[in-house]
Amino acid sequence: MGMARVRHTATLLENGRVLVVGGAGMAGATAELYDPVTNAWMKTGSPREGRQDHTATLLKDGRILVVGGVDSRGTSLASAEIYDPVTGSWSGVDTLAMRLARTEHTATLLADGRVLVTGNKQGVEGAESVEIFDPSTHKWSSAASMHNKRSMHAAVLLKTGHVLVSGGYHDYERILKEAELYDPATGIWRAAGEMKLPRYEHSLTLLLNGEVLAIAGIGSPEAQTSSEIFSP
């Protein structure tokens with residue numbers, strides 16, 4: 001790449017290229033594209049605000065929504081930006097700001113095209129709070145809070161249209177085993193059992209049969225090498 005990066009995002013675009021955004025230090029306010037046809041990296045428009053530990057979500061119209069994170073001074077960001085791969089340009093920041101600054105959160109594309117953002121860094125406001133971005137209006141709205149405060153958790157969209165959220169930190173006091181499901185149709189969260197082991201910074205992957213594979217994470221030596229499956 002053109003710059004060394006850590007704590008960045010990498011998102012597959014509809015045209016087959018990969019958009020890499022942000023990272024620590026000088027990389028925070030830059031973006032690059034990888035083209036698998038030419039096996040080459042190229043520059044693209046720079047985001048308006050430098051950030052790391054953010055999320056990047058492919059919207060249904062092919063644009064990328066980049067949300068939250070922290071700046072080079074370690075300050076959590078409420079801002080969001082949208083990247084247009086057709087023009088290679090960015091828009092947003094102040095006009096797309098969330099209601100709360102967030103980092104260590106998740107962002108999940110819902111079946112209806114909206115984006116569900118959950119959780120926040122522990123010790124600050126809104127670790128259990130939820131916001132939804134509507135790309136048709138470019139507006140954020142509050143949603144029902146999760147049952148648990150969470151940061152560094154994982155989330156995935158199920159084939160049912162529900163969102164599964166699992167694990168994470170709870171006020172830096174307890175690593176969570178608890179999982180919960182969000183129903184976009186009703187706006188309600190409900191408990192979804194517990195993982196076998198508490199874990200955070202793990203991954204959730206939707207399998208072809210509709211089940212979800214939870215892999216590794218931090219929590220105990222066993223959690224770091226283990227995996228388990230959730231059946232909806």
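Which strands each supply at least two residues of the lining of the second largest pocket? The close-up views below come from a predicted model, and the first of them takes up this question.

**View 1. The second largest pocket and the strands around it.** Welcome to the second largest pocket, which holds about 180 Å³ of space. Its lining is made by 14 residues, and the closest to the pocket centre are Glu194, Met195, Glu228, Ile229 and Phe230. The strands to look for are β14 (163–166), β18 (188–194), β20 (212–215) and β21 (227–230), each of which supplies at least two residues of the lining. Sorted by class, the lining of the second largest pocket has nine nonpolar, two polar and three charged residues.

**View 2. The open sheet that contains β14 and β18.** Here two strands from the first view return as part of an open sheet of four strands, in the order β13-β14-β17-β18 and with antiparallel pairing. At the edges are β13 (154–157) and β18, each of which pairs on one side only. Neighbouring strands of this sheet are turned by 25° against each other on average, direction ignored. For a closer look, start with β13 and β14, an antiparallel pair joined by four bridges. Within this pair, Val156 stands opposite Leu164 in β14.

**View 3. The largest pocket and its lining.** Next comes the largest pocket, with a volume of about 520 Å³. Lining this pocket are 18 residues, and those nearest its centre are Asp53, His54, Thr55, His105 and His153. Three elements give two or more residues to the lining: β1 (9–12), β5 (55–58) and β9. What classes do the residues of this lining divide into? There are five nonpolar, ten polar and three charged residues in the lining of the largest pocket.

**View 4. β1, β2 and β3, one pair after another.** The strand β1, met at the largest pocket, is joined to β2 (residues 18–21) by four bridges, and the two run antiparallel. Ala10 has Val20 in β2 as its bridge partner. The two strands form a hairpin with five residues between them, and in the turn Gly16 has a positive phi of about 95°. On we go to β3 (residues 31–35), which pairs with β2 in the antiparallel sense over four bridges. Val20 turns up again here, with Glu32 as its bridge partner in β3.

**View 5. β5, β6 and β7, with β6 covered on both faces.** β5 and β6 pair in the antiparallel sense over four bridges. Thr55 is one of the residues nearest the centre of the largest pocket, and its bridge partner in β6 is Val67. The hairpin of β5 and β6 has five residues between the strands, and Gly62 takes a positive phi near 95°. Now follow β6 (residues 64–67) itself: Ile64 and Val66 on one side, and Leu65 and Val67 on the other, are all buried. Side chains in a regular strand alternate between the two faces of the sheet. β6 also pairs with β7 (residues 80–84), again antiparallel and over four bridges. In that pairing, Leu65 has Ile82 in β7 as its bridge partner.

**View 6. Gln52 in the loop before β5.** Gln52 is found in the loop between β4 (40–43) and β5. Is Gln52 buried or exposed? Its relative accessible area is 10%, so Gln52 counts as buried, the limit being under 20%. Setting aside neighbours within four places in sequence, Gln52 is in contact with Arg7, Gly23, Ala24, Gly25, Gly69, Val70 and Asp71.

**View 7. The open sheet from β9 to β12, and a loop residue beside it in the chain.** This open sheet has four strands in the order β9-β10-β11-β12, paired antiparallel. β9 (106–109) and β12 (139–143) are the edge strands, each pairing on one side only. From one strand to the next, the twist averages 25°. Four bridges join β9 to β10 (residues 115–118), and these strands run antiparallel; here Leu109 stands opposite Val115 in β10. In the loop between β9 and β10 you will find Ala111. With 54% relative accessibility, Ala111 counts as exposed, because the limit for that word is over 50%. Beyond residues up to four places away in sequence, Ala111 touches Lys60 and Leu157. Ala111 and Pro184 are 73 residues apart in sequence, yet their C-alpha atoms are 8.8 Å apart in space.

How values were computed
Residues numbered from 1 in each chain as written. Predicted model: local features only at pLDDT ≥ 70, side-chain atom pairs only at ≥ 80, totals over all residues. Heavy atoms only, no water. Pairing = 2+ DSSP bridges. Axes fitted to C-alpha atoms, helices over the stretch in contact; angles between N-to-C directions. Buried < 20%, exposed > 50% of the residue type's maximum accessible area, 1.4 Å probe, protein only. Contact = heavy atoms within 4.5 Å. 1 Å grid on protein atoms, 1.4 Å probe; cavity = no way out; pocket = protein on both sides within 12 Å on 5 of 7 lines; lining within 4 Å. Points joined across faces, edges and corners; volume = space filled by probe spheres on them. Nonpolar A, V, L, I, M, F, W, Y, C, P; charged D, E, K, R; others polar.
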